[in-house]
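Me: Please take a close look at one part of this model. I would like the strands of one sheet, and then the helices that go with them.

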Amino acid sequence: MSRHDIQLWSWSLDDEPPGGESLLTDEERDRAQRFVGPLLQRRFVAARARLRALLGHHLGREPRSLVFLLNEFGKPRLADHPGVHFSLSHSQDRALLAVSDGPEIGADLEMMRAVDHLDLARRNFHPDEVRAIERHRDPRRAFFQIWTLKEAVVKAIGLGLSLPLDGFAVSIDGPRPVMAVAPSESPGAWWLHLEPGDYCRAVAVPGGGELGLIQRKV
């Protein structure tokens, strides 16, 4: 079985890349203007421009020439490079981009913050995950780790909100996260990666296999 390397990029949304807004299409600039307030507008531009810059570098293409298509659930892909998969996530002032030349991929980034974590878990998560959160020494931290992993899985499958979060379960009990109950719409085996912290970062790849992770900061 061949090895696939996952490129994982992270950056600050308060640092606009060289070229900035000029890398965006007219439609993307219109979308930026629809955000409320200059801070959110700048952060959208920083996320979208860096996405184009990094994918353009990866493919040897001009960033502005890249064309994105969406499936019926909103998952994006590159029109001219169907074998290249990517997943973009952002939370507050940070962004995360995973790029794969092989399997489908999902990535998620969540900033730890005050939420009603037990209520959210009980209403949305698999019962096994709820029990794991309730018995954890830091239930809020466990909630964010599980939530980030689940969002990465949902993005990898590409079915959006049509995939119920309580229909599958991840486990953070061991040294590495594992898929305890796989979604019915996916293979049973998964490769999962989790980096806990003030910002939880997760990557999910269906099918498992031999994978490497190359992490880069912009």
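Reply: What follows goes through the sheet strand by strand, then turns to the helices.

The model is a predicted one. Start with the layout of the sheet. Three strands form an open sheet, in the order β6-β10-β9. The pairing is antiparallel. β6 and β9 stand at the edges, and each has a single partner strand, so one side of each is left without a neighbour in the sheet. On average, neighbouring strands here are turned by 10° against each other, with direction ignored.

Take the β9 edge next. Strand β9 covers residues 190–195. It is mostly covered, with six of its six residues buried. How do its two faces compare, covered or open? Both are covered. On one side sit Trp190, Leu192 and Leu194, all buried. On the other side sit Trp191, His193 and Glu195, also buried. A cut-off helps here: buried means under 20% relative accessible area. By that criterion Glu195 and His193 count as buried along with the two Trp residues of the strand, Trp190 and Trp191.

Now the link from β9 to β10. Strand β10 spans residues 199–206. β9 and β10 pair in the antiparallel sense over six bridges. One pair to look at is Trp191, whose bridge partner in β10 is Val205. The two strands form a hairpin, with three residues between them. In the turn, Gly197 has a positive phi of about 155°.

The other edge is β6, residues 106–111. Five of its six residues are buried, so β6 is largely enclosed by the rest of the structure. Six bridges join β6 to β10, and the two run antiparallel. Ala107 of β6 has Val203 of β10 as its bridge partner.

What lies across this sheet? Helix α5, residues 139–157, lies across β6, β9 and β10. It runs at about 150° to β6.

α5 also packs against helix α3. The angle between α3 and α5 is about 40°, and their axes are 9 Å apart. That makes α3 oblique to α5. The crossing of α3 past α5 is left-handed. In this contact, His117, Leu120 and Ala121 of α3 meet Pro139, Arg140 and Phe143 of α5. By class, the residues divide into four nonpolar, one polar and one charged.

α3 has a further helix contact, with α4. Helix α3 covers residues 117–124 and helix α4 residues 127–135. Their axes come within 8 Å and cross at roughly 160°. Angles over 145 degrees count as roughly antiparallel, and α3 and α4 are therefore roughly antiparallel to each other. This crossing is left-handed. The contact is made by Leu118, Ala121 and Arg122 of α3, with Val130, Ile133 and Glu134 of α4. By class, that gives four nonpolar, no polar and two charged residues. Ala121 appears in the contact of α3 with α4 and in the contact of α3 with α5.

Methods:
Residues numbered from 1 in each chain as written. Predicted model: local features only at pLDDT ≥ 70, side-chain atom pairs only at ≥ 80, totals over all residues. Heavy atoms only, no water. Buried < 20%, exposed > 50% of the residue type's maximum accessible area, 1.4 Å probe, protein only. Helix = DSSP H or I, 4+ residues; strand = E, 2+ residues; numbered from the N terminus. Pairing = 2+ DSSP bridges. Axes fitted to C-alpha atoms, helices over the stretch in contact; angles between N-to-C directions. Contact = heavy atoms within 4.5 Å. Parallel < 35°, antiparallel > 145°, perpendicular 65-115°, else oblique. Left-handed = near helix turned anticlockwise from the far one by under 90°. Nonpolar A, V, L, I, M, F, W, Y, C, P; charged D, E, K, R; others polar.
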